[in-house]
Amino acid sequence: VELRQLPTQNALAYELFLQGRHLWRQRNGPAVTRAIDLLTQAVELDPKFAEEARFETEGGKRHEDFKE
């Protein structure tokens with residue numbers, strides 16, 4: 001079994017990313033809004049983490065599509 005290397009060494013950035021990813025996958029307006037906030041915080045803590053956050057959200061719809 002090969003373990004994947006974590007995308008960041010910053011534990012808080014990774015935790016924010018995991019929370020943001022969970023909310024993003026809920027696909028509703030309030031959750032997506034919060035997800036964007038958490039993913040932004042993760043990137044602010046570790047700018048190199050931006051690629052991972054972008055990848056997570058790129059496969060989904062635009063934020064406007066989730067507004068109720």
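1. **How the first two helices lie.** In this predicted model, helices α1 and α2 run roughly antiparallel to each other. The angle between them is about 160°, and angles over 145 degrees count as roughly antiparallel, so the label follows directly. Their axes are 8 Å apart, and α1 passes α2 in a left-handed crossing. If you have the structure open, this pair is a good place to start looking.

2. **Who makes the contact between them.** From α1, the contact is made by Leu12, Ala13, Leu16, Phe17, Gln19, Gly20, Arg21, Leu23 and Trp24. From α2, the residues taking part are Ala31, Val32, Arg34, Ala35, Ile36, Leu38, Leu39, Gln41, Ala42 and Leu45. Several of these names come back in the points below.

3. **The overall layout.** Stepping back for a moment, the protein chain has three helices and zero strands. Read along the sequence, that gives the pattern α-α-α. Of the 68 residues in the chain, 31% are buried. As for contacts between residues at least 6 apart in sequence, 63% of them join residues at least 24 apart.

4. **The nonpolar core.** Which residues make up the largest nonpolar core? There are 12 in all: Ala13, Leu16, Phe17, Leu23, Trp24, Ala31, Val32, Ala35, Leu38, Leu39, Ala42 and Phe49. The elements giving two or more residues to this core are α1, covering 11-24, and α2. Helix α2 gives the most, with six residues. As background, nonpolar side chains in soluble globular proteins tend to be buried together.

5. **Ala42, a core residue worth clicking on.** Ala42 lies in helix α2 and is one of the residues of the largest nonpolar core. Is Ala42 buried or exposed? Ala42 is buried, because its relative accessible area is 0% and the cut-off for buried is under 20%. Setting aside its neighbours within four places in sequence, Ala42 is in contact with Ala13, Leu16, Phe17 and Phe49, and these four also belong to the largest nonpolar core. For one of them, Leu16, the C-alpha to C-alpha distance to Ala42 is 5.6 Å, although the two are 26 residues apart in sequence.

6. **The salt bridge.** How many salt bridges does the structure hold? It holds one, and the partners are Arg34 and Asp37, with their closest N and O atoms 2.5 Å apart. Both sit in helix α2, residues 29-45, and because they are three residues apart there, about one helical turn separates them. Arg34 is partly exposed, with a relative accessible area of 40%. Asp37 is also partly exposed, at 34% relative accessibility. Note that Arg34 appears among the α2 residues that contact α1 as well.

7. **Arg27 and its backbone.** Please take a look at Arg27, which lies in the loop between α1 and α2. Arg27 has a positive phi of about 60° although it is not a glycine. For context, most residues other than glycine have a negative phi. At 38% relative accessibility, Arg27 counts as partly exposed.

8. **His22 and Arg25, seen from Ala35.** Two further residues can be placed by their distance to Ala35, which is itself part of the largest nonpolar core. His22 is found in helix α1 and is exposed, with a relative accessible area of 51%. The C-alpha atoms of His22 and Ala35 are separated by 7.8 Å, with their positions 13 residues apart along the chain. Arg25 is found in the loop between α1 and α2, and is likewise exposed, at 52% relative accessible area. Arg25 and Ala35 are 10 residues apart in sequence, and their C-alpha atoms are 9.0 Å apart in space.

Terms used. Residues are numbered from 1 along each chain as its sequence is written. This is a predicted model: local features need pLDDT of at least 70, side-chain atom pairs count only at pLDDT 80 or more; totals for chains, interfaces and linings use all residues. Side-chain values use heavy atoms; hydrogens and water are left out. A salt bridge is a side-chain nitrogen of Lys or Arg within 4 Å of a carboxyl oxygen of Asp or Glu. Helices (H or I, at least four residues) and strands (E, at least two) are DSSP runs, numbered from the N terminus. Buried means under 20% relative accessible area, exposed over 50%, partly exposed in between (1.4 Å probe, protein chains only). A nonpolar core is a set of buried Ala, Val, Leu, Ile, Met, Phe, Trp, Tyr and Cys residues joined through side-chain atoms within 4.5 Å. Contact means heavy atoms within 4.5 Å. Axes are lines fitted to C-alpha atoms, for helices over the stretch in contact, and angles run from 0 to 180 degrees between N-to-C directions. Angles under 35 degrees count as roughly parallel, over 145 as roughly antiparallel, 65 to 115 as roughly perpendicular and the rest as oblique. A crossing is left-handed if the near helix is turned anticlockwise from the far one by less than a right angle, and right-handed if clockwise.
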